[in-house]
Amino acid sequence: MIDKLGEKLITYVMAAVLLALLVDFSGITWRLEQMVVDLELQLVKAPVARDIGIIAIDEKSLWELGPWPWSRSRYARLLDVLRDAGAGPVAFDILFADLHRDDIEGDRAFAEALKRHGRAVLAMASDQDISNGVVSEILPRPLFSRPAAAIGHTDMPLDQDGMLRGVFLLAGSGSAHWPQLALAALYLGGRYQVAHLPGQDFMNQGVLGTGRWVRDHRILFPFARDAGHFPVFSFVDVVEGRVKRSRLAGKTLFVGVTAQGIQRVFHTPGGNSSLMPGVEVHANVLNALEQKALLTELRGWPRWVVLALLSALGGLVIAIYRGRCASKGFMLGLVVTAGGSLVLLLFFGMIVPNIPVWFSLAAVALFANRRQILHLRDSSRRDTLTGLCNRFSFDEHFERMWRINARHKRALFLLILDVDHFKQLNDVMGHLRGDEVLRQLGEYLQNKIRRAGDRACRIGGEEFAILLDMDTPDMKLALDFAQQIVDEVQDLGIVYSDGDKYYRLTVSIGCASLVPGEASSPAALFEAADQALYQAKNAGRNRVWCHESGQQPAVADAVEDKLYGQ
């Protein structure tokens, strides 16, 4: 059987899990989640292959070779230099979708160089007609595509915030049939087969057909951004023979524009600068595929399982600390869940959503803090020994009920109860036993109160007050209630011993009634009830005395005060 502590732990854990799943399903924290992931990705250091390089059409090349675009004969010269240097596949991040009619010889020279090289990859792209939304493919001219070893797409899908975090390995109009530029370069080595492509499909493959751009096998990876990760050679230096052949040998080279103003740049996560040229993105894709440094963005039931486990762990931490400091539990829960997500990212390559977990933990911690605040507020209004309301709380309630009854001209009834000979009881039995007596008496009086307007209070020492707000004011009913208390206190079984004999607890009660109004006050009602209590004690204790009637009701089975005498 689960105890109360176990029930609270389960409640906190289940609340954290359900709220995290709900927030993640709603998608309202997507942007914040991506910001956290981008920060985490800066901690991931991808291994860098030594066989990848970039040939940049940079400012230096434009200065020496003239404005771009150039004659295709320059690319033919580049391919011949790379072939002679023993370089590997060459991938062009440049579209050759038209012919230069004023430079037919240059086009032919490039086509012949493509054939001689035999390991060149050309780029293709997509173009969408704004009027009808139809997407068409921009392919290299047949003059170039026929001698080329492969064609690869250069599609760069941006997330909702304009950030590039991954690419699709396959894409095309009508169906995903063109490999990504870097993948096409990798294909030339014969090490990759389509059936074994990594990544996940995020598109509805049921929506196919001509005119629709379809993507498949999305991969995420850490970007290598530090200077020197991929050697960059200036285009003009390569074609002019200023780069040693040994530096080019065996490398897969990407040719693209990096000159300011004409380059294609993308915002990518991590690093000191978020802008990256497209040709460098392709180099990163190839590096991630070669090094198998791919990340997995959890989707579907694996995402829900990990999300539930992390939020349950954080909820458990908050539940454990809720009694001491829920805020401390929340901070520790953040550390634990963030640490768990980092472990999954750094060691298993899994991107885990953090924000839904942290959002749910914040809500659970806020709820726990609210419970603590309410508990503290309630504790400040209660007597710490008996659990009854303290004098401050009782006076507040008394004033409120006085105003209400004054409007309705209805009488209020006040009982003041005193434990008989309590000082002597403390002297004989000890203060600890006396405190236990008061605690038991307070529990009894609390259970005795029924109506919302009634209130029991410890007003000091062994003295208690009970305010009665009866729908049908009747002094006889109040006296019966008080007499019931006197009788039942004797039946509580609270007994004490001086070593020789056992004695039973008794109380005396003074009762008074007033109709609130201008001619009366709460202090007058207290004074009247206190005078009645004084009369009850003078009359022999263990009884009720009413101030209004001045008469003592019959006391059945009065108990002789054997311990203290009269």
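Helices here are DSSP runs of H or I with at least four residues, numbered from the N terminus. The model shown in every view is predicted.

**View 1. An aromatic pair within helix 14.** Phe398 and Trp402 both belong to helix 14, which covers residues 391-408. They are four residues apart in that helix, so about one helical turn separates them. A pair of aromatic rings is described by the distance of the centres and the angle of the planes. The count of aromatic pairs comes to 16. For Phe398 and Trp402, the ring centres are 6.1 Å apart and the planes lie at 15 degrees, so this pair is stacked. The cut-off behind that label is planes under 30 degrees apart.

**View 2. Helix 14 against strands 15, 16, 17 and 20.** Helix 14 lies across these four strands. Its direction makes an angle of about 135 degrees with strand 16. The loop between helix 14 and strand 15 (412-419) holds Lys409. Lys409 is not a glycine, yet its phi is positive, about 50 degrees. Most residues other than glycine have a negative phi.

**View 3. An open sheet of five strands.** The strand order is 16-17-15-20-21, and the pairing is mixed. Strand 16 (455-460) and strand 21 (544-546) form the edges, each pairing on one side only. From one strand to the next, the twist averages 20 degrees. Five bridges link strand 16 to strand 17 (residues 463-468) in the antiparallel sense. Within this pairing, Ala456 faces Ile466 of strand 17.

**View 4. The packing of helix 16 on helix 17.** Two packed helices are described by the angle between their axes and the distance between the axes. Helix 16 spans residues 431-448, and helix 17 spans residues 475-490. Their axes come within 12 Å and cross at roughly 145 degrees. The crossing is right-handed. Helix 16 contributes Leu441, Tyr444, Leu445 and Lys448 to the contact. Helix 17 contributes Phe481, Gln484, Ile485, Glu488 and Val489. By class, six of the contact residues are nonpolar, one is polar and two are charged.

**View 5. Strand 3 and its partners.** Strand 3 covers residues 120-128. Two bridges join it in parallel to strand 2 (residues 90-92). There, Ala91 is opposite Val121 of strand 3. Strand 2, helix 5 (residues 104-117) and strand 3 build a right-handed β-α-β unit. Strand 5 (residues 150-153) also runs parallel to strand 3, over four bridges. Leu122 lies opposite Ile151 of strand 5. Strand 4 (residues 135-138) is antiparallel to strand 3, again over four bridges. Ser126 lies opposite Glu137 of strand 4.

**View 6. An open sheet of three antiparallel strands.** The order is 7-6-8. Strand 7 (178-179) and strand 8 (213-220) are the edges. Each has a single partner strand, so one side of each lacks a neighbour in the sheet. Strand 6 (residues 166-173) pairs with strand 8 over seven bridges, in the antiparallel sense. Gly172 has Val214 of strand 8 as its bridge partner.

**View 7. A cis peptide bond at Pro69.** The bond runs from Trp68 to Pro69, with omega near 10 degrees. Most peptide bonds are trans. Pro69 sits in the loop between helix 3 (59-65) and helix 4 (72-85).

Conventions. Residues numbered from 1 in each chain as written. Predicted model: local features only at pLDDT ≥ 70, side-chain atom pairs only at ≥ 80, totals over all residues. Heavy atoms only, no water. Pairing = 2+ DSSP bridges. Right-handed = clockwise from strand over helix to strand, strands pointing away. Axes fitted to C-alpha atoms, helices over the stretch in contact; angles between N-to-C directions. Left-handed = near helix turned anticlockwise from the far one by under 90°. Contact = heavy atoms within 4.5 Å. Nonpolar A, V, L, I, M, F, W, Y, C, P; charged D, E, K, R; others polar. Phe/Tyr/Trp six-rings, centres within 6.5 Å; stacked < 30°, edge-to-face > 60°.
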